[in-house]
Amino acid sequence: MKAALYECPGAAAEVLRGAGIERPDPGPGEVRVEVSGVNPTDWKLRSGATPQAIDRFQIPHHDAAGVIDAVGAGVSQERLGQRVWTWLAAAGWRWGTAAEWTVIPERQAVPLPEGVSPELGASLGVPAMTAYWCLYADGPLTGQTVLIAGGAGRSKAFAIELAKHGGAQVIATVSGPAEAKLAARAGADLVVNYREVDAAERIASFAGAVDRVIEVALGANVKLDLAVASPGTRITTYAAEASDPVLLPVRACMTANVTMKLHAGQAVRQAL
């Protein structure tokens, strides 16, 4: 089969190549599917920013959608021909989804409802599951106010939709008009440009304090987060910036009496 792969981490132009390799067969408890999606997690893994041992070669990409065309021992034959979406295929082994086929544990191939496109299915895994875990790991959202930083990215859009579905009031921060349209389309009740000097005042006048913050750039946004927090606010961050914050305002965090949580995709997989 045709696949994109690399033998060592590094810049894409230096390590990523196309190759013809033997199509994998599913082992016990595994299924084989197709159609790939790409996320920031994938290029961070390939670049070496997220270390992972490589067994001869690594096919990148975690997420996919397609039809199961083969099953391993212990998997019901009824799954053959089933439309599915997948998650974290490349976490811990070589068979990522940037190929004509991939093999994964059966539980990581989730039925895809009729009418849902393969493109949407292939975009669900890392972004939607990250959004869900960050939102609901601390319990229901009914009646709460959730601030979602950078509300135009894929994980952030899913977070807006899932928070609204859970009965929350949602505020999204963005960097410009184009992102504002995307966040509003996803269902945000208030969209604020975080670069504007009155961003905290606008959030406070709309909702008072927020109950949850879903953060993508903790170092850059912590001042705004604390300005709209109240005792008990939970700040959950799921992404790392290019460089770690030089200084975390510990005293300000203590005074605000907030709880900070850091989540990663692998932690989501272990929790599920």
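A salt bridge here is a side-chain nitrogen of Lys or Arg within 4 Å of a carboxyl oxygen of Asp or Glu. The model is predicted. By that criterion, D189 and K164 form a salt bridge, with their closest N and O atoms 3.0 Å apart. The two residues belong to distant parts of the chain: D189 sits in the loop between α6 and β12 (190-193), K164 in helix α5 (residues 154-165), 25 residues away. Both ends are partly exposed: D189 has a relative accessible area of 34%, and K164 has 31%.

**Salt bridges**

The structure holds eight salt bridges. Three of them are listed here, including the D189 pair.

| Acidic residue | Basic residue | Closest N and O atoms |
|---|---|---|
| D25 | R32 | 3.1 Å |
| D69 | R32 | 2.8 Å |
| D189 | K164 | 3.0 Å |

Shared partners join D25, R32 and D69 into one network. R32 takes part in both bridges, to D25 and to D69. How accessible is R32, buried or exposed? R32 counts as buried, because its relative accessibility is 4% and the cut-off for buried is under 20%. Its partners are less hidden: D25 is exposed at 57%, and D69 is partly exposed at 34%. R32 lies in strand β3 and D69 in the loop between β5 and β6, so this pair ties together parts that are 37 residues apart in sequence.

**The sheet around β3**

R32 also has a backbone role in pairing: its bridge partner in β6 is A70. Strand β3 (residues 30-33) is joined to β6 by two bridges, and the two strands run antiparallel. They belong to an open sheet of three strands, ordered β6-β3-β8 with antiparallel pairing. The edge strands, β6 (70-71) and β8 (102-105), each pair on one side only.

**Aromatic rings and charges**

A search of the whole structure finds two aromatic pairs. One of them is F57 with W95: the ring centres are 5.7 Å apart and the planes stand at 80°, so the pair is edge-to-face. F57 lies in the loop between α2 (40-47) and β5 (63-67), and W95 in the loop between β7 (83-86) and β8, so the contact ties together parts that are 38 residues apart in sequence. Both rings belong to buried residues, F57 at 8% relative accessibility and W95 at 13%.

Arginines also sit over rings. R23 lies over the face of W101, 4.8 Å from the ring centre. The charged end of R154 sits over the ring of F158, 4.3 Å from its centre.

**Helices α4 and α6**

Helix α4 (residues 125-136) has twelve residues. From first C-alpha to last, α4 reaches 16 Å, close to the 16 Å expected at 1.5 Å a residue. How many of its twelve residues are buried? Nine are, so α4 counts as mostly covered. The buried residues are G125, V126, P127, A128, M129, T130, A131, C134 and L135.

E179 is placed in helix α6 (residues 177-186). E179 is partly exposed, with a relative accessible area of 27%. The C-alpha atoms of E179 and N193 are separated by 9.2 Å, and the two residues are 14 residues apart along the chain.

Methods:
Residues are numbered from 1 along each chain as its sequence is written. This is a predicted model: local features need pLDDT of at least 70, side-chain atom pairs count only at pLDDT 80 or more; totals for chains, interfaces and linings use all residues. Side-chain values use heavy atoms; hydrogens and water are left out. Helices (H or I, at least four residues) and strands (E, at least two) are DSSP runs, numbered from the N terminus. Buried means under 20% relative accessible area, exposed over 50%, partly exposed in between (1.4 Å probe, protein chains only). The expected span of a helix is 1.5 Å times one less than its number of residues. Two strands pair if DSSP finds at least two bridges between them. Rings of Phe, Tyr and Trp (its six-membered ring) pair if their centres lie within 6.5 Å; planes under 30 degrees apart count as stacked, over 60 as edge-to-face and the rest as tilted. A charge sits over a ring if NZ of Lys or CZ of Arg is within 6 Å of the ring centre and within 35 degrees of the ring normal.
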